[in-house]
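Q: Please teach me how to read a structure one feature at a time, beginning with pairs of charged side chains.

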Amino acid sequence: MNAVSYLHLLKLAGPETLVVLAALVALLADLTVMRGQPGRFRRRIAALISGVGCGAAGLYLAQVSVHGTTFGGMFTVDPLTQFVKLMLVALTLLTVVLSLEADYTDHVGEHFALLLLATSGMMFMASAADLLMVFLALELSSLSLYSLAALNKASERSAEGALKYFLFGALAAAFTLFGFSFLYGLTGATHLAEVAAGLRGRGFDPLLAVAVVLTLVGFGFKVAAVPFHLWAPDAYQGAPTPAAALIASGSKLAGFFLLGRFVVLTLPETTGQAAWKNFTAGWVPAVAVLALASMIVGNLAALAQRNLKRLLAYSAIAHAGYLLLAVLALAGAASRSDAFAALVYYAGTYALGSLGAFAAAGFLERTRGDAAIAGLAGTGRAAPVIAAGLLVFMFSLAGLPPLAGFPAKFYVFAAALNAGPAPAAPFWLVATGLALSPVALYYYLLVLKQTYVVAAPSDAPSGCSTWSETLVVTVAAGGVLGLGLFPQLLLGPLVRAIQSAGL
């Protein structure tokens, strides 16, 4: 590559470069200049460096308009990928703020470096247009999150959750790579568009079916869809709160965006149907089964949870099922842009609400010693901002107006039912999602009952929220409320970006 090529690469990958540089500077500063300083001071400086890196990347994404590909088409940049990366950077910035009071480890530099490296992997996932780049981006993000989840060395629960996360992730990565090797063997190509061209007119033969199923295993793990969800409850509960918040927010958004682009760019003619008593072979029936299982298992298992983090984990599994309805709607070419807008809007607003809910769980864990839902008793009086934030997040996750969860579910259901004369997401699947919504509302109301109705025991430890927890909860709650009242603030630029990307 000559100097012009390197400059073009730097321009396209500028945001990722800024995030990685911030990670390296934060790590180096902590290991050298700040070694021996108090932990609180080190966290503030590392958070400042990380925040500057995220802010610079966000400004680059918002102000610099770039469009093109590099590495022979492996890495592509367009308005849609830039938009999603901006959302990822914003979520990471809130996670950095949440990490300011996270004194669970002395490895401050490593914490912030892993946080930013995971984000860079998610950003690469958004721009990946080649099987090799998809796998590398997935692994960069996943390996960073595995390490981040295990960083609390004093907690056995953290080690257990991280180990399960790693083992399931390693197995899923093997399945994904095996599936990609089948796709390469069938087509002789690794670029997503070339793989699609190689599969055109082939039919859904057994070898292609194996390739698709193996590939969906990897994506199913990344988005915590049933039956690849078993790592999530333990990882969410055991991981430090900032790590769990990023796993539940940024990782979910990046995973679903990549899955949506993958099925659109790679498998446009091998969709199949999942209509009642009219199944035809393709990736749609497989995803329909994952969606059905995720909605049922996630919602019903959440009813039995007594820990807020575990409840949020099973809630995430249920929401993965709803998001898979939007993925199914991508099979209908006539409504693809609407389905993609619904997918990103739902994933983005869910990520924001979930991150705020984990900030509230962090407050509970810090003041009560764990995140047991029973510990929320009296929070309405003791920490009104945290309690009000929980009210907003729980109602939004339940899909109640005027919060962002309501238009998110409405757009997903509408996209699923309007995907053409034979919708890829059939009525029976949408009806199941609607029927399970009251179940979700019930367990969210249990959280709010404990927060506002049940009085705190006389011997309950008292504690106030930190300014970082208050800031994250306030910003996230304001975003959820604002995007619920004015969904076009996000949908307008999102639709324009999708049209510019040609999806």
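A: A salt bridge is counted when a side-chain nitrogen of Lys or Arg lies within 4 Å of a carboxyl oxygen of Asp or Glu. The general idea is that side chains of opposite charge can pair when their charged atoms come close. Before we use it, note that this is a predicted model, in which local features need pLDDT of at least 70 and side-chain atom pairs count only at pLDDT 80 or more, whereas totals for chains, interfaces and linings use all residues. Residues are numbered from 1 along each chain as its sequence is written, and side-chain values use heavy atoms, with hydrogens and water left out.

Q: How many salt bridges does the structure hold, and how far apart are N and O where the side chains of K164 and E160 meet?
A: The structure holds nine salt bridges, and in the one between K164 and E160 the distance from N to O is 3.1 Å. Both of these residues belong to helix α7 (residues 156–187), where four residues, about one turn of the helix, separate them. A helix here is a DSSP run of H or I with at least four residues, numbered from the N terminus.

Q: Are K164 and E160 buried or exposed, or something in between?
A: The words have cut-offs: buried means under 20% relative accessible area, exposed means over 50%, and partly exposed lies in between, with a 1.4 Å probe and protein chains only. K164, at 28% relative accessibility, therefore counts as partly exposed, and E160, at 38%, counts as partly exposed too. Salt bridges that share partners also join E160 and K164 with D234 and R310 into one network.

Q: Which parts of the chain does the salt bridge of R40 and E101 link?
A: R40 is in helix α3 (residues 39–63), while E101 is in the loop between α4 (79–98) and α5 (108–127), so that the pair, 61 residues apart, links distant parts of the chain. Their closest N and O atoms are 3.2 Å apart. R40 is partly exposed, with a relative accessible area of 42%, whereas E101 is buried at 17%.

Q: Where do R42 and D106 lie?
A: R42 lies in helix α3 and D106 in the loop between α4 and α5, so their pairing ties together parts that are 64 residues apart in sequence. The closest N and O atoms of this salt bridge are 2.9 Å apart. R42 is buried, with a relative accessible area of 3%, but D106, at 49% relative accessibility, counts as partly exposed.

Q: How should I read the packing of helix α15 and helix α21, and what is the angle between them?
A: In general, two packed helices are described by the angle between their axes and the distance between the axes. Here helix α15 (residues 336–368) and helix α21 (residues 488–501) pack at about 135 degrees, with their axes 10 Å apart. Axes are lines fitted to C-alpha atoms over the stretch in contact, and angles run from 0 to 180 degrees between N-to-C directions. Angles under 35 degrees count as roughly parallel, over 145 as roughly antiparallel, 65 to 115 as roughly perpendicular and the rest as oblique, and α15 and α21 are therefore oblique to each other.

Q: Which residues make the contact between α15 and α21?
A: From α15 the contact uses S337, F340, A341, V344, Y345 and T349, and from α21 it uses L490, L491, L494, V495 and I498, where contact means heavy atoms within 4.5 Å. These residues divide into nine nonpolar, two polar and no charged. In this scheme Ala, Val, Leu, Ile, Met, Phe, Trp, Tyr, Cys and Pro count as nonpolar, Asp, Glu, Lys and Arg as charged, and the others, Gly among them, as polar.

Q: What is found in the loop between α9 and α10, where A224 has its place?
A: This loop offers several backbone features to look at. A224 is located there, and its phi is near 60 degrees, a positive value in a residue other than glycine; A224 is also buried, with a relative accessible area of 2%. P227 lies in the loop as well, and a cis peptide bond, with omega about 10 degrees, joins V226 to P227. H229, found in the loop between α9 (206–222) and α10 (232–238), is buried at a relative accessible area of 9%. Leaving aside residues up to four places away in sequence, H229 touches A224, V297 and I317.

Q: Where does P402 lie, and what is omega for the bond that leads to it from P401?
A: P402 lies in the loop between α17 (384–398) and α18 (405–417), and the peptide bond from P401 to P402 is cis, with omega near 5 degrees.

Methods. Helix = DSSP H or I, 4+ residues; strand = E, 2+ residues; numbered from the N terminus.
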